[in-house]
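Me: I'm new to this structure and would like a close look at one part of it. Could you pick a strand, walk me through its surroundings, and then show me a few other spots?

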Amino acid sequence: MATYDPSTFESRWRAAWERSGCDRAPDLPRGPKFFNYDSGPFPTGPLHMGHVRTYALGDVTARYQRLRGKCVLYCTEWDAFGQPNELAALREGQSPRAFTQRWIGTMKRQLQELGVSYDWSRVRSTCDPEYYQTTQWLFLDLLERGLIEQRETDLAWCARCATALSGFQVERERCWRCRRRVETRRLKQWFVRIGDYAERLRKGIDRLEGWSPSIRQQLQGIMRASAGRVDGERGWLISRQRSWGTPIPIVHCEACRAVPVPESALPVRLPEDLDWSVGAGALAAHPDFVRTRCPRCDGPARRETDTLDCFFDDVWCQLSCLLPVGPHPDFRAARVRAWLPVDCFHSGFDTAAYLHLHRFLGAVLAESGELDDPELIRGHFGHEMVLARGRKMSKHLGNAVSPSEILRRRGADPLRVGILWASRPHKAVDFRPQIIDRAERLLSSVHALYSLAAEMRLDRSPATPSPTPPSRSALELKRRALRSAERIGGFIEGYRPHAAIAELNGLVGQMERFALPRLSTSRLSTADRGLLRETLEAFAVLLCPFAPHLAEEAWHLLGNASLVVHQRWPEPHAPARAPRTDRRLVPLLPREPVGCTSSVLPEASRSRTSARRRDSGSAR
Ligand SMILES: [Zn+2]
Ligand SMILES: [Zn+2]
């Protein structure tokens, strides 16, 4: 019997998903929709374990909702502009653009290897002109609404990063990126008057029923703070004295003072040829960028050389995968209205400030009727970080464990299941190799069971109906699978993936106790064979959100030509118009096609699958 070796099948199933287009979302949802969004990473290096945790959690929700028949849009963005990327690039002596593009390429490949099922055609990068054109439009729109102003005031300043920082980016009086103690400087800067919306944002917190209590508490804390200190009554500081960012669409003229760039002249492009040896002031040192004409009087003028903070770039990120690329974002477009709000937004527990800003934008756009509902995010799933030997895992501390090494040597599914099973999401995971070992043992048992089933030709349906009824133990196994389906669904919806995997583990034990002695001695009645096969099919579907590659392989070992990602979650109750048979014999898996995706494999892939099925005896 073949041993469990993910390297022999994981990439094959990813290619099959790609061909089937199962991760692509239509522009308008067909049937009930589910908009699932992961907060995007800073592309400053390869994937780390914290990323694996974030994106595995997001992917479980997306895959589960597809199996529940929802039309799923699952997306993220590359948080590519701003202080984190610029500093990391300059530290390595590279241009931020080349550095960022290199790491976007690496991270995308790693996320694909992990099996994260984004609709990649919609994933944008905040540093692309077609993205930051809308960021600049948003700046001008808020300016026109009187919600952006330029003021001179005392601000937090990081001397090492050579930039002013907003209150959201100062942690215990230290810079959020380099940890240097901040100083106070008096500077003229751009602010968003977010305090104007404090009262309505505070009142709205009660409506955020689908958010983790901890994040809601933090939002309350931010509201209290913004009533008194931080940038609060002064607003949200959005300009930075750095050059790797969205250029602020403002021109300074002697006669007209600060003049907004007309919408028709967007985007104001960040030059490709900045001299990064200058450091923070590279943009101000680029004469062709700085020298311009005033849009109002056509006199000589100077462009604003501060850039927008990366939190500003990101404040509309979940809209970026819905809006058509263009100069004037149409928030009232049918597809925006059909997909909003985000049904589940995934981000760390340390992102409350960032979520507060998203709520601000929603409130502004809803006020002018551009959005129907001020809350852009209906559900939020927060999680804690990954530690190593009790300390935050980081390259800087030298204790980072590389997911790419585990992906290569152990496979994607053991990594996903290991990190998800290790702890409830709201607790930190202390990473140990045993986490992966335990997941591998579970997945090896699953693989062995399906390999045995394939050897015993469980993939073949009996030619004649069973003359004898199924045994009590076979019926009990099927009932257990149904109970598990209901429990696992509840655990996923309640953000308890660790409990869902524990339930899968228990079900594997019961399947083994029933199947191993009977399959290995061929002591199975026709009716019991049928029930065992149904249970194994149902289990493959239950496994799919967590270990999608092995689920697909298991489904295939049962001789199925379709993909498991196109199946339906086992129903806990018989359908209303069940055939006139014993309810206990109603099939576990509903047969309708799933959600908005095709339920059939492309013809070429189907014939390949059939060929493998025919060869199964010799292949294994
Ligand atoms: Zn700093
Ligand atoms: Zn002028």
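Reply: Here is a walk around one strand, followed by a few stops elsewhere in the chain. Keep in mind that this is a predicted model.

Let's start with strand β20, which covers residues 379-383. Is it buried or exposed? Five of its five residues are buried, so β20 is largely enclosed by the rest of the structure. In a regular strand, side chains alternate between the two faces of the sheet. You can follow that here: Gly379, Phe381 and His383 point one way from β20, while His380 and Gly382 point the other way. Whichever way they point, all of them are buried.

Now, which strands pair with β20? One is β10, a short run of residues 210-211, joined to β20 by two bridges and running parallel with it. Look for Trp211 there, because it makes a handy landmark: it stands opposite His380 in β20. Another is β19 (residues 344-348), which also runs parallel to β20 and is joined to it by four bridges. Within that pairing, Ser347 has Gly382 as its bridge partner in β20. To get from β19 to β20, the chain passes through helix α12 (residues 352-367), and this β-α-β crossover is right-handed.

Next, try Tyr37, which sits in strand β1 (residues 33-38). Tyr37 has 26 C-beta neighbours inside 10 Å, so it counts as buried. Leaving aside residues up to four places away in sequence, Tyr37 touches Cys75, Thr76, Gln318, Val342 and Phe345. Its C-alpha atom is also 9.4 Å from that of Ile377, although the two residues are 340 apart along the chain.

Helix α2 (residues 49-67) is another stop: its 19 residues reach 27 Å from first C-alpha to last, close to the 27 Å expected at 1.5 Å a residue. The helix is mostly covered, with 19 of its 19 residues buried. Just after α2 comes Gly69, which takes a positive phi of about 90°.

Last, there is an open sheet of four strands in the order β6-β5-β9-β11, with antiparallel pairing. Its edge strands are β6 (163-165) and β11 (236-237), each pairing on one side only. Strand β5 (residues 148-158) runs antiparallel to β6, and three bridges join them. To find where they meet, look for Cys158, which stands opposite Thr163 in β6.

Technical notes. Residues numbered from 1 in each chain as written. Chains lettered and ligands numbered in written order. Predicted model: local features only at pLDDT ≥ 70, side-chain atom pairs only at ≥ 80, totals over all residues. Pairing = 2+ DSSP bridges. Buried ≥ 20, exposed ≤ 12 C-beta atoms within 10 Å, placed from the backbone. Right-handed = clockwise from strand over helix to strand, strands pointing away. Expected span 1.5 Å × (residues − 1). Contact = placed C-beta atoms within 7 Å.
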